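Work through the exercises below with the sequence and the structure in view. Try each task before reading its solution.

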Amino acid sequence: MERSPTDRTMRIGLFCPHTHTPHIRSKTIREWVPDVFDLEVHRRVVTACEAGGLDFLFTLDNWGVESWGGQRERAGADHLRENGLMGPILAASLFAMTCHIPFITTIHTSILHPVHVARVGANLDTLSQGRWGINLVTGSGGAEGLFENLEAHPDHDERYAMAEEAFTIITQLWRGESCDFEGAYYRVKGDLIGPTAVQP
C-alpha cells in the first residue's frame, strides 16, 4: 500500500463498522444496521466495495466503554456498551473474501507492545499479499482502567514519543532485521520469527 510522497490522487474507501453504530450513537440507527458480527454481512459489503472500485477499507478499534466520553452519559450507559470487533482480526477474515482491495486497521501503541504489532502486521501483510495498512494511534481506545499500566495515561507529547519508539522497532522487525533497541519506553533485543512484511 506504499505510495509516492508526490502522489496526490484522491483515494475513496469505506469505513467498515466494527460496532453497530460506530459514529451515530442512535438506538434507531442501530436497529437499521445489519449484524456486524455476521461474516456473511461483511462478505456482501466488501465484495461490493471491491467490485465497485473502492480504493480501501478502514476500521477503528475501541477497547473500553469509556471511549466516547460525555456521549456515554448523554446517550445512556447501556446504549454505549457496544461490543466491537477487533480490526486486525476482522481484516484477516475480509482478506480471505477479497482479491485486491486493501484493508487499513487501527492499532493502539498505548496498549499493544511494538513486538506484538510487528508480528500481527507481518502476518496480515503476508496473508493478504501486501494489502494491509496500519493506522497507528497513540490513544488507548477507552482502555484506561482495563490495564494496570494505563491507569496513569501519558500526556499527548509522551504518547507520541512512545509511538515514535514503537514505530522504529516495528519497522525494523518488519524488515527481518535483528533488533537491539533501548529507548525511554521500550527495550527490545533479538529476532522476530517470520514472516516479515511483504511491503517494502
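**Exercise 1.** Which residue forms a salt bridge with Arg11, and how far apart are the closest N and O atoms?

Solution. The model is predicted, and the steps below are read from its atoms.
- Step 1: The partner of Arg11 is Asp7.
- Step 2: The closest N and O atoms of this pair are 2.9 Å apart. A salt bridge requires the nitrogen to lie within 4 Å of the carboxyl oxygen, so the pair counts as one.
- Step 3: Arg11 has a relative accessibility of 34% and is therefore classed as partly exposed. Asp7, with a relative accessible area of 22%, is partly exposed.

In general, side chains of opposite charge can pair when their charged atoms come close.

**Exercise 2.** Find the residues that are linked with Glu40 in a network of salt bridges.

Solution.
- Step 1: Glu40 meets Arg43 in a salt bridge, with an N to O distance of 2.6 Å.
- Step 2: Glu40 also meets Arg44 in a salt bridge, here at 3.8 Å from N to O.
- Step 3: Glu40, Arg43 and Arg44 are thus linked in a network of salt bridges.

**Exercise 3.** Where do Glu40 and Arg43 lie, and how many residues apart are they?

Solution.
- Step 1: Both residues lie in helix 2, which covers residues 39–51.
- Step 2: Glu40 and Arg43 are 3 residues apart, about one turn of the helix.
- Step 3: Glu40 and Arg44 are separated by about one helical turn because they are 4 residues apart in helix 2.

**Exercise 4.** Are Glu40, Arg43 and Arg44 buried or exposed, or in between?

Solution.
- Step 1: The class in between runs from 20% to 50% relative accessible area.
- Step 2: Glu40 has a relative accessibility of 34%, so Glu40 is partly exposed.
- Step 3: Arg43, at 33%, is partly exposed.
- Step 4: Arg44, at 45%, counts as partly exposed.

**Exercise 5.** How many salt bridges does the structure hold, and how many disulfides does a search of the whole structure find?

Solution.
- Step 1: The structure holds 6 salt bridges. Among them are the pairs Arg11 with Asp7, Glu40 with Arg43, and Glu40 with Arg44.
- Step 2: The search of the whole structure finds 0 disulfides.
- Step 3: For Cys49, the nearest cysteine sulfur belongs to Cys16 and is 6.2 Å away. A disulfide needs two sulfur atoms within 2.5 Å, so Cys49 is in none.

**Exercise 6.** Is Cys49 buried or exposed? Is Cys99 buried or exposed?

Solution.
- Step 1: Cys49 has 7% relative accessibility, so Cys49 is buried.
- Step 2: Cys99 has a relative accessible area of 66%, so Cys99 is exposed.

Technical notes: Residues are numbered from 1 along each chain as its sequence is written. This is a predicted model: local features need pLDDT of at least 70, side-chain atom pairs count only at pLDDT 80 or more; totals for chains, interfaces and linings use all residues. Side-chain values use heavy atoms; hydrogens and water are left out. Buried means under 20% relative accessible area, exposed over 50%, partly exposed in between (1.4 Å probe, protein chains only). A salt bridge is a side-chain nitrogen of Lys or Arg within 4 Å of a carboxyl oxygen of Asp or Glu. Helices (H or I, at least four residues) and strands (E, at least two) are DSSP runs, numbered from the N terminus.
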